[in-house]
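Student: I would like a close look at a single part of a model. Please keep the answer connected.

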Amino acid sequence: MSKVKLCKNCNAELVGSYCFNCGQKNIENFTFSKLAKDFFDNILSLDSRLFQTLKFLIIRPGFLTNEYWSGKRITYLPPFRLYLLTSILFFFIPHPDYQYGAAEFYPLLQKGMFVLMPCVALILLILYRRNNLLYFHHFITSLHFYSFMFLLFAIAKSVYFFNEEISISNIVTITLLIYLFFMLKNIYIESLTKVIIKFALLICIYVALSFSIILIIGTYIKST
């Protein structure tokens with residue numbers, strides 16, 4: 001007798017490739033090809049899932065990552081689509097320093113941020129190598145964190161664009177650090193001591209990589 005398969009999203013019995021109850025496609029294993037297909041399927045379609053996704057992205061660090069890991073994908077925007085939307089929103093808003101000669105630096109900095117995103121997943125893979133997780137799992141974590149970061153940066157740029165006297169850079173930095181700490185705590189269930197240590201290591205490595213990219217960008221600008 002064959003084993004009954006259940007939908008990972010709603011626990012209804014599966015008959016075929018899609019759940020008759022919620023419509024989610026049955027995917028047994030995580031692969032990059034399936035993640036990419038998930039991204040390109042109706043890439044620009046927006047529905048009520050957007051607001052549901054943004055709500056949990058903001059108020060519950062790590063929740064969307066845990067949901068995606070557990071197979072509950074139909075209820076929220078796919079990680080790649082969320083990342084795309086928030087990054088477009090961030091880069092669409094004019095940068096307040098363009099008038100001060102940053103027109104060449106800013107696009108290069110954007111590319112640097114895209115390079116750092118998969119690097120974060122690699123750092124997490126090293127830090128949590130004993131958790132028996134694949135690089136793909138940490139890549140989803142990185143996608144969700146960067147989605148929140150782009151969203152926060154977009155809000156900060158909007159505030160500064162309309163009122164240049166307001167400086168919220170410190171607030172943004174503190175918010176990101178607090179968010180990342182609770183995200184790690186909620187996703188990778190470990191003792192508080194381990195969370196603090198790995199959080200500190202992640203920040204140190206990330207800052208070092210960021211400064212390296214800034215130096216490369218500075219060298220490139222001077223040579224052009």
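Student: In what order do the elements of the protein run from the N terminus on? After that, which residues line the largest cavity?

Tutor: The elements run α-α-α-α-α-α-α-α from the N terminus on. That is 8 helices and 0 strands, where a helix is a DSSP run of H or I with at least four residues, a strand is a run of E with at least two, and numbering starts at the N terminus. The model is predicted, so local features need pLDDT of at least 70 and side-chain atom pairs count only at pLDDT 80 or more, while totals for chains, interfaces and linings use all residues. Residues are numbered from 1 along each chain as its sequence is written, and side-chain values use heavy atoms, with hydrogens and water left out.

Some totals come before the cavity. Of the 224 residues in the protein, 39% are buried; buried means under 20% relative accessible area, exposed over 50%, and partly exposed in between, with a 1.4 Å probe and protein chains only. The accessible surface comes to about 13,100 Å², and 67% of this surface belongs to carbon and sulfur atoms; the areas come from the Shrake-Rupley method with a 1.4 Å probe. Among contacts (heavy atoms within 4.5 Å) between residues at least 6 apart in sequence, 67% join residues at least 24 apart.

Now the cavity. The term refers to a set of points, on a 1 Å grid over the protein atoms alone, where a 1.4 Å probe fits but cannot get out. Grid points are joined across faces, edges and corners, and the volume is the space filled by probe spheres set on the points. The count is 3 cavities of 30 Å³ or more, and the largest has a volume of about 60 Å³. Its lining, meaning residues with an atom within 4 Å of a point, consists of Thr53, Leu64, Glu67, Tyr68, Lys72, Arg73, Tyr76, Leu77, Pro78, Pro79 and His144. By class, 6 are nonpolar, 2 polar and 3 charged. Here Ala, Val, Leu, Ile, Met, Phe, Trp, Tyr, Cys and Pro count as nonpolar, Asp, Glu, Lys and Arg as charged, and the others, Gly among them, as polar. Helix H3 (residues 63-69) gives the most to this lining, with 3 residues.

Among the lining residues, Tyr76 can be followed in detail. Tyr76 is found in the loop between H3 and helix H4 (79-92), and Tyr76 is buried because its relative accessible area is 8%. Leaving aside residues up to four places away in sequence, Tyr76 touches Arg49, Gln52, Thr53, Phe56, Phe63, Leu64 and Glu67. With Glu67 there is also a polar contact between side chains, at 3.4 Å; such a contact is a pair of N or O atoms within 3.5 Å, and within protein one must be able to donate a hydrogen and the other to accept it, with residues adjacent in sequence counted only if both atoms are side-chain atoms. Leu64 is 12 residues from Tyr76 in sequence, with a C-alpha to C-alpha separation of 7.9 Å.

Helix H2 (residues 48-59) holds Arg49, and Gln52 is in helix H2 as well. Arg49 counts as buried because its relative accessible area is 17%. Beyond four places in sequence, the residues touched by Arg49 are Arg73, Ile74, Thr75, Tyr76, Leu77, Pro78 and Arg81. The Arg49 side chain also reaches the backbone oxygen of Ile74, at 3.3 Å. Gln52, at 27% relative accessibility, is therefore partly exposed. With the same sequence exclusion, Gln52 touches Thr75 and Tyr76. Between the C-alpha atoms of Gln52 and Thr75 there are 8.2 Å, across 23 residues of sequence.

Phe51, also placed in helix H2, has a relative accessible area of 62% and is therefore exposed. Its C-alpha atom lies 9.0 Å from that of Tyr76, and the two residues are 25 apart along the chain.

Technical notes: 1 Å grid on protein atoms, 1.4 Å probe; cavity = no way out; pocket = protein on both sides within 12 Å on 5 of 7 lines; lining within 4 Å.
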